[in-house]
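Work through the exercises below with the model open beside you. Try each task before reading its solution.

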Amino acid sequence: MTDARGSAGPYGDPPAGHAPGAPCWVSLMVHGLEATEEFYGALFGWEFQPGPQQLGPYVRALLDGREVAGLGRLPPDRHLPIAWTPYFASRNADLTAETVRSRGGTIGVGPLDAADAGRLAICSDPAGAVFGIWQAAAHRGTAVSGVPGTPAWNELLTFESASVAKFYRTVFGYEEEPVVSADFDYVALHLGGAPVAGIHGVGHALPRDRGPHWVTYFQVADVDDAVDQIVHLDGQVLRAVHDTAHGRVAGVADPEGARFALVQRPD
């Protein structure tokens, strides 16, 4: 997990209306869907309702009746990394997917329709980090932000930031704001002048069993209490609670090993 510095990593609200390129949804595919619902329901207060089933059993997580994230069940014979995947908004998922291919990325799933909810593709960037594309129809994406239990920030951990940032800039039209530091490789991705995601180059410090990957930060009211609850729920603490310029942060994992982060906004 990263201590984002300067103006990078604000853990702020996404742009209203999920403009093209804005993070608009996060989704997690697991083997034990019911147990995962129990874990996140206890941690974030989520409730669940059925969602599109094109890729198998899938539920949408609700906070006070509003959609915040998705959980799905992996096929029993698929041994893929258990990981939260951010989706970025697109007006045309097919065109965005073609741009991903033309810039050295790969398309793992789709583009395909998710019933009447919208159209999606699941992709990998040239370094191998997985992300999604979402063209909204009936389902607009995450409906609430800025309160505990909602996604607050997405950050890519990769080998180096420059070439990967160029890929995402070409695909989604971001502006870049590098952090100028001799020992800190970080680029904030902006839309309309506001930061929406970050890219942190960590070289060989990447976990060998994961490689480049996106990390979703979820807002909590009290990060210390949330970490205690995660341990009680058989999750793991990967990086202890620590203070940053943007609040108290911890790196954690759920019982199936999906890594994510918690952030408590400064008072």
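The exercises that follow concern a predicted model.

**Exercise 1. The largest pocket**

Find the volume of the largest pocket, then describe its lining by position, strand and class.

*Solution.*
Step 1. Start with the volume: about 890 Å³ for the largest pocket.
Step 2. Go to the centre. The lining comprises 39 residues, and those closest to the centre are Met29, Thr85, Tyr87, Ile122 and Val130.
Step 3. Assign strands. At least two lining residues come from each of S1 (23-30), S3 (58-63), S5 (84-89), S6 (106-114), S7 (118-124), S8 (130-136) and S13 (213-219).
Step 4. Sort by class. The lining holds 26 nonpolar residues, nine polar ones and four charged ones.

**Exercise 2. Cysteines and disulfides**

How many disulfides does the structure hold, and why is Cys24 not bonded to Cys123?

*Solution.*
Step 1. Recall the bond in question. A disulfide covalently links the sulfur atoms of two cysteines.
Step 2. Count. The structure has zero disulfides.
Step 3. Check the distance. The cysteine sulfur closest to that of Cys24 belongs to Cys123, and it is 12 Å away, so the gap is too far for a bond. The cut-off is 2.5 Å between sulfur atoms.
Step 4. Look from the other side. For Cys123 the nearest cysteine sulfur is that of Cys24, and Cys123 is in no disulfide.
Step 5. Add the burial. Cys24 has a relative accessible area of 2% and is buried. Cys123 is buried too, at 1%.

**Exercise 3. Backbone geometry**

Which peptide bond is cis, and what phi values do Asp64 and Ala115 have?

*Solution.*
Step 1. Set the expectation. Phi is negative for most residues other than glycine, and most peptide bonds are trans.
Step 2. Inspect omega. The bond from Gly110 to Pro111 is cis, with omega near 0°. Pro111 belongs to strand S6.
Step 3. Inspect phi at Asp64. Its phi is positive, about 55°, although Asp64 is not a glycine. Asp64 sits in the loop between S3 and strand S4 (66-73). Its relative accessible area is 73%, so Asp64 is exposed.
Step 4. Inspect phi at Ala115. This residue is not a glycine either, yet its phi is positive, about 50°. Ala115 is in the loop between S6 and S7. With a relative accessible area of 46%, Ala115 is partly exposed.

**Exercise 4. A loop residue and its contacts**

Decide whether Asp116 is buried or exposed, and list what it touches beyond four places in sequence.

*Solution.*
Step 1. Locate Asp116: the loop between S6 and S7.
Step 2. Apply the cut-off. Exposed means over 50%. Asp116 has a relative accessible area of 59%, so it is exposed.
Step 3. List contacts. Beyond four places in sequence, Asp116 touches Ala137 and Ala138.
Step 4. Compare sequence with space. Asp116 and Ala138 are 22 residues apart in sequence, and their C-alpha atoms are 5.9 Å apart.

**Exercise 5. Three buried strand residues**

For Thr216, Gln264 and His190, why does each count as buried, and what lies by each side chain?

*Solution.*
Step 1. Fix the cut-off. Buried means under 20% relative accessible area.
Step 2. Take Thr216, in strand S13. Its relative accessibility is 0%, so Thr216 counts as buried. Its side chain joins that of Asn154 in a polar contact of 2.7 Å. Other contacts of Thr216 include Val26, Trp84 and Phe260.
Step 3. Take Gln264, in strand S16 (residues 259-264). Its relative accessible area is 16%, so Gln264 is buried. A polar atom of its side chain lies 2.9 Å from the backbone nitrogen of Val223. Beyond four places in sequence, Gln264 contacts Val220, Ala221, Asp222, Val223, His246, Gly247 and Arg248.
Step 4. Take His190, in strand S11 (residues 185-191). At 8% relative accessibility, His190 is buried. A polar atom of its side chain is 3.4 Å from the backbone oxygen of Gly193. Beyond four places in sequence, His190 contacts Tyr174, Glu175, Glu177, Pro195 and Val196.
Step 5. Finish with a distance. His190 and Arg169 are 21 residues apart in sequence and 9.3 Å apart from C-alpha to C-alpha.

Key:
Residues are numbered from 1 along each chain as its sequence is written. This is a predicted model: local features need pLDDT of at least 70, side-chain atom pairs count only at pLDDT 80 or more; totals for chains, interfaces and linings use all residues. Side-chain values use heavy atoms; hydrogens and water are left out. On a 1 Å grid over the protein atoms alone, a cavity is a set of points where a 1.4 Å probe fits but cannot get out, and a pocket is an open set with protein on both sides within 12 Å along at least five of seven lines; lining residues have an atom within 4 Å of a point. Grid points are joined across faces, edges and corners, and a volume is the space filled by probe spheres set on the points. Helices (H or I, at least four residues) and strands (E, at least two) are DSSP runs, numbered from the N terminus. Ala, Val, Leu, Ile, Met, Phe, Trp, Tyr, Cys and Pro count as nonpolar, Asp, Glu, Lys and Arg as charged, and the others, Gly among them, as polar. Buried means under 20% relative accessible area, exposed over 50%, partly exposed in between (1.4 Å probe, protein chains only). A polar contact is a pair of N or O atoms within 3.5 Å; within protein, one must be able to donate a hydrogen and the other to accept it, and residues adjacent in sequence count only if both atoms are side-chain atoms. Contact means heavy atoms within 4.5 Å.
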